[in-house]
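User: I'd like a close look at one loop residue, and then at how its surroundings tie into the rest of the fold. Please keep it relaxed but concrete.

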Amino acid sequence: MSDSKTLLQPSDCALVLIDQQAGLAFGVGSIDRQVLLNNTIALTRTAKVFGLPIVASTSASKVYSGPLMAAIREVLPDIHPIERRNMNLWDDDAARTAVIQTGKRRLIVSGLLTEACVSFPVLSALHEGFDVFVVGDACGGLTPVSHDLALRRMCDAGAHMTSWIQVLLEFQRDWTRRETYDGARSIVETHGGGYGIGLAYARDMIRPAP
């Protein structure tokens, strides 16, 4: 199969951010919460650099979960999350319509909590023929076991598991792609741990001989 069939292309994708709210993050036990926030911000910045439409949702924001986390709001100042009452984004007419209206058939999903508010709409979207990529390290579950089991359930149903760094590198694919080079490199340097440190070192230390 050709690259266009097997690799993610930014023009084919939309990002769906589900309930990235502090009240839910408090319950996350599958990953360090700061790492989770770092990964989610990196994924969100990636979507912006590569021009993906972004749909964000929240639930119970007034009574329990709080608003979209502040650090994510800073990345998405123009995005207004769609408030839901039910666990399944796909059962909410406004949220489901917003996803469909992106016109994209490949959905990249990040959210809380993996066991319900992520897995339910993923399973529903798969049922309706969408190609869904779950960014496992930008999702959080109550425990490592329940998070892993939810990922397996989605995978068994046909979803693809990935990570934020794989999404970024799959979109960039060639570091000579100048239009997104600066943005992609900045994300890796800020959020990419040792890989990012190495890129910054190479930029600062490895210079052409005079």
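What is the relative accessible area of Arg-173?

Analyst: Arg-173 comes out at 32%, which makes it partly exposed (buried is under 20%, exposed over 50%, partly exposed in between, with a 1.4 Å probe and protein chains only). Some ground rules: the model is predicted, so local features need pLDDT of at least 70 and side-chain atom pairs 80 or more, while totals for chains, interfaces and linings use all residues. Numbering starts from 1 along each chain as written, and side-chain values use heavy atoms, with hydrogens and water left out.

Now the backbone. Arg-173 isn't a glycine, yet its phi is positive, about 65°. The residue sits in the loop between H8 and H9 (helices are DSSP runs of H or I, at least four residues, and strands are runs of E, at least two, numbered from the N terminus).

Step out of that loop into H9, and you have 14 residues, 178-191, covering 20 Å from first C-alpha to last. Its buried set is Thr-180, Tyr-181, Ala-184, Arg-185, Ile-187, Val-188 and His-191. Those residues pack against three helices: H3 (33-49), H8 (164-172) and H10 (193-205), where packing rests on contact, heavy atoms within 4.5 Å. After H9 comes Gly-193, another positive phi, near 60°.

For a comparison, try Asp-19. It too is a non-glycine with positive phi, about 55°, and its home is the loop between S1 and helix H2 (22-25). But Asp-19 counts as buried, at 0% relative accessibility. While we're on backbone oddities, the peptide bond from Leu-112 to Leu-113 is cis, omega near -10°, and Leu-113 belongs to the loop between S4 and H6.

One more loop residue worth a look is Leu-89, between S3 and helix H5 (93-101). Leu-89 is buried, with 2% relative accessible area. Setting aside neighbours within four places in sequence, Leu-89 touches Val-16, Ile-18, Ser-57, Arg-84, Ala-95, Arg-96, Val-99 and Pro-121. Its C-alpha is 9.1 Å from that of Ser-124, 35 residues away along the chain.

Leu-89 also lines a hole. The structure holds one cavity of 30 Å³ or more (on a 1 Å grid over the protein atoms alone, points where a 1.4 Å probe fits but cannot get out; lining residues have an atom within 4 Å of a point). The largest cavity has about 70 Å³ of space, the volume filled by probe spheres on grid points joined across faces, edges and corners. Around it you'll find Val-16, Ile-18, Leu-89, Trp-90, Val-99, Leu-107, Val-109, Pro-121, Val-122, Ala-125 and Val-132. Strand S1 (13-18), strand S4 (106-112) and H6 each give two or more residues to that lining, and H6 gives the most, three.

Finally, the cysteines. The whole structure has zero disulfides (cysteine sulfur pairs within 2.5 Å). The sulfur of Cys-117 has its closest cysteine sulfur 11 Å off, in Cys-139, so a bond is out of reach. Both are tucked away: Cys-117 is buried at 11% relative accessible area, and Cys-139 is buried at 1%.

Definitions and conventions:
Expected span 1.5 Å × (residues − 1). 1 Å grid on protein atoms, 1.4 Å probe; cavity = no way out; pocket = protein on both sides within 12 Å on 5 of 7 lines; lining within 4 Å.
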